[in-house]
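Visitor: Hi, could you walk me through this one? I'd like to poke around a bit.
Guide: Happy to. Let's bring it up.

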Amino acid sequence: MKRRDFLKASVGGAAAVLTGGRVEARPNLEPAPNAVGMLYDAALCVGCKACVSKCKAVNGMAPVIEGDWYSWDSARDLSKDTLNVIKVYRDGEAQVKDRVVNGFAFEKRSCMHCVDPGCISVCPVTALRKDPQTGIVSYHADACIGCRTCMTGCPYNVPQFDYNNPFGEIHKCQMCNQPGVERIDKGQITGCAEACPTGATLFGTRTALLEEARRRMSLKPGESYSYPRGDVRHPDSRYAREAPAYQQHIWGEKEAGGTNVLHISAIPFDKLGMPPLGERSHASISETVQHTIYSYMALPAVVLGGLTYVVRRNMNDDEGDES
Amino acid sequence: MSQHQPLNRRVITPPFLVLGVLFLIAVYYLGVRFVNGMGFVTNLNGGYAWGLWVVYDIVIGTALACGGYALAVVVYVANKGKYHPLLRPALLASLLGYALGGIGAFIDMGRWWQFYNILLPWHMNFNAVMLEVGLCVAAYILVLFIEFSPVVLERFGARNLRQKLNKVLFFFIALGVLLPTMHQSSLGSMLIAMGHKVHPLWQTLYLQPLLAVLTAFTMGFAVVVFEASLSSVGFGRPAETPLLSGLGKAIVGLIAVYLVFRLGEVVVQGKLGLLFAGDLGSLLFLLETALFIYPLVVLLSPAARCNSRLLLWSAVSMLFAGSLYRLNAFLITYNPGPGYSYFPSVPEIMVTVGLVALEVMVFLYVVKRFPVLHREERR
């Protein structure tokens with residue numbers, strides 16, 4: 001091969017990388033057939049943090065204490081001791097709930113159990129895995145090398161590394177189904193959904209939760225609705241309450257390929273600190289680029305072949321002119 | 001008779017001792033890191049999983065170590081044998097720079113005692129850009145060592161082994177061009193999955209691998225020009241300006257291609273408004289672009305390409321440009337969301353400083369005791 005041909009081939013390869021990527025793009029992944037998840041209704045949440053405390057009881061984690069305040073868990077964000085946290089939105093005098101100006105609102109932060117999870121896509125050693133049936137995203141410390149790419153690849157900053165431990169690991173919500181807990185396998189529901197007194201956190205299949213969310217979207221503000229608690233498919237109990245003015249937006253129906261944990265709210269999600277996400281998952285774009293360049297290692301093999309030929313010829317030209 | 005020879009000067013000099021002290025400070029903090037945990041040394045947190053160690057030691061450090069890569073392409077692919085005298089010191093700097101990257105990856109690895117999992121096929125995730133980076137960087141460190149080994153064999157007079165190695169060296173040189181192309185582009189691809197956390201001016205999605213490999217190449221050339229000019233000043237050796245000026249021409253072409261894609265993406269994706277937003281992102285973008293344009297403008301003139309002072313300034317500008325591009329994308333404008341901030345702690349900075357000091361110490365020792373630098377020619 002002449003050098004000119006080689007350069008041409010290289011440019012052609014680069015062009016294939018840049019354009020071919022869009023032709024055979026990997027689409028977003030689809031929800032697991034029996035995906036389970038949760039529906040968090042920010043308008044129902046009263047900020048009692050019963051879910052936080054129940055989560056810690058189920059998962060054996062210590063409360064976060066701030067100053068002399070021992071009455072409740074003061075966790076402000078997710079950490080190795082907090083897999084589930086209630087955060088607050090506050091504006092001005094924070095007088096009225098679910099109002100943007102001079103109002104306040106609550107928001108739950110925990111693993112969204114993405115349909116097309118960034119953490120799984122970026123983990124080099126398959127330490128994060130998705131259950132093919134339930135869609136639960138689990139973590140496996142025996143595989144993990146602690147590179148923390150999952151933390152950079154999660155749009156919600158969910159995976160948390162235990163930095164203050166020389167043998168730390170990643171901590172994230174595994175939907176109360178990790179070995180030793182296995183609540184879902186045993187037919188129970190997640191700790192947070194079980195503890196929630198207002199049904200703000202509901203457990204169920206993604207399909208049933210999506211139906212419930214759509215029903216709430218169609219409610220007129222002030223209309224009475226019978227809200228379930230516990231498992232949306234067979235609630236522990238129900239209570240009647242006036243519907244708030246819901247935002248017509250089910251977070252997690254489409255965001256970055258969708259999530260199994262869905263959120264609805266009476267104020268816009270950007271106020272609640274949700275990230276600006278489109279419908280296409282960045283995992284799918286990243287994998288499209290990667291698999292276009294490294295499809296069957298064909299491009300690298302061709303380039304290596306060309307390089308080997310050219311280098312060998314040029315080294316022979318330099319005979320006697322030793323390196 | 002070899003055309004290279006050791007400098008044969010004293011190794012233990014006052015600057016060498018200062019570097020040694022810096023390295024010992026790093027050793028102390030590394031002790032704390034491995035005994036108590038990373039949190040006692042770094043300012044890493046739940047939003048900023050990667051700090052100075054990843055972004056400087058690996059992302060920027062390996063790009064600064066692309067001199068061997070860039071020169072191998074010039075000497076062996078483009079067949080410009082006259083650049084040979086620059087190759088050995090460039091290879092040494094690359095080997096040390098990549099070794100620093102490898103050490104950086106290891107100390108930053110939260111579960112380092114399981115690092116070998118990345119080598120076990122049943123653990124590998126072929127969708128992960130990080131897998132490609134990890135395996136490819138590890139392989140390239142070995143290849144760099146093989147590429148550099150003629151120097152070691154020559155030093156110890158192992159003529160037989162050297163001849164055997166020479167017969168297969170062409171394959172390792174070819175690998176030494178392929179592997180950096182692969183993982184330097186992947187370092188860019190890593191930004192894709194970070195999605196919205198990467199500032200829109202740096203989140204170029206499909207262009208990430210191309211921009212990363214182009215900047216790695218530019219930085220490779222810049223570092224060769226920089227090291228050659230500096231060693232002629234520092235060791236009082238005759239300047240290599242005629243050789244370097246040729247590289248200047250290649251640099252002009254590379255930067256031009258880079259800027260077409262970089263600025264073209266901003267225009268095509270309708271992000272021009274962000275350039276004039278007057279915020280930190282826009283200012284850093286303009287500064288970064290200016291640092292790329294300065295060497296382009298200077299080196300366009302053939303007279304400037306033969307001026308060693310202007311060459312050195314251009315090289316410095318390019319090194320800052322390429323480093324800032326990566327620093328901006330991965331750290332400064334990286335925004336994981338509300339509630340998180342990061343600035344490296346003093347111990348974190350001292351670890352990086354100490355490791356760079358070690359790199360410089362080894363470089364000085366090797367050029368003084370091994371046949372790395374080209375025999376001085378009377379021109």
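Visitor: What radius of gyration does chain B have, and what would a compact globule of 379 residues have?
Guide: This is a predicted model, to say that up front. Chain B comes out at 21 Å, and a compact globule with 379 residues would be near 21 Å, so the two agree. Along its principal axes, the C-alpha trace of chain B spans about 65 × 55 × 45 Å.

Visitor: And how many helices and strands are in chain B?
Guide: Chain B has 13 helices and zero strands. Reading from the N terminus, each element is an α. Buried residues account for 51% of the 379 residues in chain B. As for contacts in chain B between residues at least 6 apart in sequence, 81% join residues at least 24 apart.

Visitor: Over to chain A. In what order do β1, β9 and β12 sit in their sheet?
Guide: The order is β9-β1-β12 in chain A, an open sheet with mixed pairing. β9 (201-205) and β12 (261-264) of chain A are at the edges with a single partner strand each, so one side of each has no neighbour in the sheet. On average, neighbouring strands here are turned by 20 degrees against each other, ignoring direction.

Visitor: Do β1 and β12 run parallel or antiparallel, and over how many bridges?
Guide: Parallel: β1 (residues 36-41) and β12 of chain A pair over four bridges. If you want a spot to click on, Met38(A) has Val261(A) in β12(A) as its bridge partner.

Visitor: Which helix lies across those strands?
Guide: That is α6 (residues 206-217) of chain A, which lies across β1, β9 and β12 of chain A and runs at about 130 degrees to β9(A).

Visitor: What about the sheet with β2, β3 and β4 in chain A, how is it ordered?
Guide: β2-β4-β3, again open and with mixed pairing. Its edge strands are β2 (84-90) and β3 (96-97) of chain A, each pairing on one side only. β3(A) and β4 (residues 103-110) of chain A run parallel and are joined by two bridges. There, Val96(A) stands opposite Gly103(A) in β4(A).

Visitor: Switching to helices, which residues of α2 in chain A are buried?
Guide: In α2 (residues 50-59) of chain A, they are Cys51(A), Val52(A), Lys54(A), Cys55(A) and Lys56(A). Their cover includes β2, α5 (191-195) and β9 of chain A. After α2(A) comes Gly60(A), which has a positive phi, near 65 degrees.

Visitor: And α7 in chain A, how many of its residues are buried?
Guide: Eleven of its twelve, so α7(A) is largely enclosed by the rest of the structure. Among them are His282(A), Glu287(A) and Gln290(A). From first C-alpha to last, α7 (residues 282-293) of chain A reaches 17 Å, close to the 16 Å expected at 1.5 Å a residue.

Visitor: Last topic: how many residues of chain A are in contact with chain B?
Guide: 59 residues of chain A, which are in contact with 56 residues of chain B. Elements giving two or more residues to that side of chain A include α1 (3-23), α7 and α8 (298-317) of chain A.

Visitor: Which of them gives the most?
Guide: α8(A), with eleven residues. By class, the side of chain A that touches chain B has 30 nonpolar, 21 polar and eight charged residues.

Conventions: Residues are numbered from 1 along each chain as its sequence is written. Chains are lettered from A and ligands numbered from 1 in the order in which they are written. This is a predicted model: local features need pLDDT of at least 70, side-chain atom pairs count only at pLDDT 80 or more; totals for chains, interfaces and linings use all residues. Two strands pair if DSSP finds at least two bridges between them. Axes are lines fitted to C-alpha atoms, for helices over the stretch in contact, and angles run from 0 to 180 degrees between N-to-C directions. Two residues are in contact if their C-beta atoms, placed from the backbone, lie within 7 Å. The expected span of a helix is 1.5 Å times one less than its number of residues. A residue is buried if 20 or more other C-beta atoms lie within 10 Å of its own, exposed if 12 or fewer, and partly exposed in between; C-beta atoms are placed from the backbone. The radius of gyration is taken over C-alpha atoms; the globule rule is 2.2 Å times the number of residues to the power 0.38. Ala, Val, Leu, Ile, Met, Phe, Trp, Tyr, Cys and Pro count as nonpolar, Asp, Glu, Lys and Arg as charged, and the others, Gly among them, as polar.
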